[in-house]
Amino acid sequence: MPDKNKLFILLTGAGSLFIYFIPYFILGTGSSIRVFDNLDGEVLYKIFTARNGYWLDYNAVIPEIMNGLPRFCITSGLNFTTFIFALFPPFIAYLVNDFTLRLIGFIGIYLLLSQHIIKSKEKINIIALLISCSYIFIPFFTIYGLTDLGQPLLLFAFLNILKEENTKLDYFLVCLFPFFSSFILSGLFVGIALGLFLIIFCIIKKKFFIRPFLVLVGYAICSLLVEYNMIISVFQNFHSHREETIFGKPDESFILFALKQLWETYIHSGQFYTLPIWIITVAAIIWNKGSERRICRILFYFAIVFFFVMLFYYYCPSIKGLRLSRFYHLLPICWMMLLAVMSQILWQKKKVLRMLVYTVLCCQIFFLLIRSYNYSSGNKMRDALGFPASYNYPSYASFYAEDMFKKIADFIGEEKSEYRILTIGILPAVAQYNGYYTLDSYQNNYPLEYKHQFRRIIAVELEKSEYVRNISDYFGNWCYVFPSEVSPVEIIEGKYAKNQVLYNLELNAEAMRNLQCKYVFSSAKIENNERNELYFLNLFKDENSHWDVWLYEIR
């Protein structure tokens, strides 16, 4: 491919990303960023890991979290995203990481499609280019690195090695993937998938391919190196709260569950509607003359992958809290390959069908972009047009509310390290971001003993709601105070409305004292505060804060 064509493709990707990031450029910290599994925890893990003295010291303790969380319980220090957070302030680091990973995702998906899935004699593969543009607009959790976005580049490199068309760069790319992704979320399952693919390929070709095998061994070694913190926990005889985790299957039937996933993908693997893909697929089936075998073959492959992914996803097996259902992270790339093949089949037919492909792919790009704009700046756009917001998505600045929490610290007048706090309705990540030492936290891994200690604080509240009790006892990642009077979803997603009042809250003050708790930050007034041995000190409000904070002291 001539250099000018490569430059055009790269500039197309960068230009598309520039459009994607316009709201962030204009609004800055006034733009909204996803709260769930993002600002409420993952961003804080990166911030803490990137601090001096914590990066690679897995024997350290993080005092701000849960009275001293072992360092090895949070993210690896050998991850690219952690490195970015060490170089830049948190908000800038988040955007730099997001832009970099989406650009890598664009390059990877274009190379995979144009070189292996839908080869074309055209100078620029239009189908691959359009799908690549839509792919980078999918709302992936880039705080997890290239967990999802990097799979196309990984598969591209592995196929090059398998077909013996590789360069030294391909070996490097495969072994680099673990340093840019999460082993627990997708790295393990991507490795298993590539291993199975290699076994099937060897059986079909009746030949053992040593180079792909050795590169997978290298992939496994690099993964173990990156996740060294997990290995440490095993040798230290660490008992995680995940040992009590029980994952239940959905209430609906397997068929209904699978049908829903055929319509919309899962949130953690990048949520998007599949309607455009089905439009192209149905059109290809209708106008299938000369392509019947190819269509049947690709649909058969996709159906097998989808079926087995759904089996694991639905029945959700686990080993000591390690979810084996996360093969669903493989589905977005499978959807894109299905879309690419079906689009190419139509593209080679009548001109009117080529126009259909072009229109559908452009619409897909447009709707994914609008969806991202709606999240990052939806409130601003609605306010400008005079429409009420469906939900007040907090901006980055209002979510962390640094000015207001500084006022609280000034009011208390003590060193933050000298006392512990408990939050109610306010996500503990907000307090941690502002330097407070919290008893509660959102953690994927923490000591089982601490889970039992914290449970004593909320034991009475848990007895009031079976749903909340199950969340606390059989999941446990959200080590929160869930008042029975409030939907836990409102708290988890940071949607807890202001001006609410808690009338029947029941906490164990003695258990809080045992964990050195001195203050309670509540987003709602606690009407029966004295019954809980909580004494009201002050109410903090700020028009630039997503939260109101009722400050109570335990005496």
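Modeller: Let's begin with handedness: a crossing of two helices is left-handed if the near helix is turned anticlockwise from the far one by less than a right angle, and right-handed if it is turned clockwise. Helices (H or I, at least four residues) and strands (E, at least two) are DSSP runs, numbered from the N terminus. This is a predicted model, in which local features need pLDDT of at least 70 and side-chain atom pairs count only at pLDDT 80 or more, while totals for chains, interfaces and linings use all residues. Residues are numbered from 1 along each chain as its sequence is written, and side-chain values use heavy atoms, with hydrogens and water left out.

Biologist: Thanks! Which hand does the crossing of α14 and α16 have?

Modeller: That crossing is left-handed. For the angle, axes are lines fitted to C-alpha atoms, for helices over the stretch in contact, and angles run from 0 to 180 degrees between N-to-C directions. Helix α14 (residues 275-286) packs on α16 at about 40°, and their axes lie 9 Å apart. Angles under 35 degrees count as roughly parallel, over 145 as roughly antiparallel, 65 to 115 as roughly perpendicular and the rest as oblique. The pair α14 and α16 is therefore oblique.

Biologist: And which residues in α14 and α16 meet?

Modeller: Contact means heavy atoms within 4.5 Å. On the α14 side are Pro276, Ile277, Trp278, Ile280, Thr281, Ala283 and Ala284, and they meet Trp335, Met336, Leu338, Leu339, Met342, Ser343, Ile345 and Leu346 in α16. For classes, Ala, Val, Leu, Ile, Met, Phe, Trp, Tyr, Cys and Pro count as nonpolar, Asp, Glu, Lys and Arg as charged, and the others, Gly among them, as polar. The contact of α14 with α16 has 13 nonpolar, 2 polar and no charged residues.

Biologist: Let's try another pair: at what angle do α21 and α22 cross?

Modeller: Helix α21 (residues 448-462) and helix α22 (residues 466-474) cross at roughly 175°, with axes that come within 11 Å. That makes α21 roughly antiparallel to α22. Here Lys451, Arg455, Ile458 and Leu462 in α21 meet Val468, Arg469, Ser472 and Asp473 in α22. By class, this contact has 3 nonpolar, 1 polar and 4 charged residues.

Biologist: Now for empty space. How many cavities of 30 Å³ or more does the count come to?

Modeller: On a 1 Å grid over the protein atoms alone, a cavity is a set of points where a 1.4 Å probe fits but cannot get out, and a pocket is an open set with protein on both sides within 12 Å along at least five of seven lines; lining residues have an atom within 4 Å of a point. Grid points are joined across faces, edges and corners, and a volume is the space filled by probe spheres set on the points. The count comes to 3 cavities of 30 Å³ or more. The largest cavity has a volume of about 60 Å³, and its lining includes Tyr446, Trp478 and Tyr480. Helix α21 gives the most to this lining, with 4 residues. The lining of the largest cavity has 6 nonpolar, 2 polar and 2 charged residues.

Biologist: How much space lies in the second largest pocket?

Modeller: About 1600 Å³. Of the 35 residues that line the second largest pocket, Phe197, Tyr301, Val305, Cys334 and Met337 are the closest to its centre. Helices that each supply at least two lining residues include α10 (183-205), α15 (292-315) and α16 (331-347). By class, the lining has 29 nonpolar, 2 polar and 4 charged residues.
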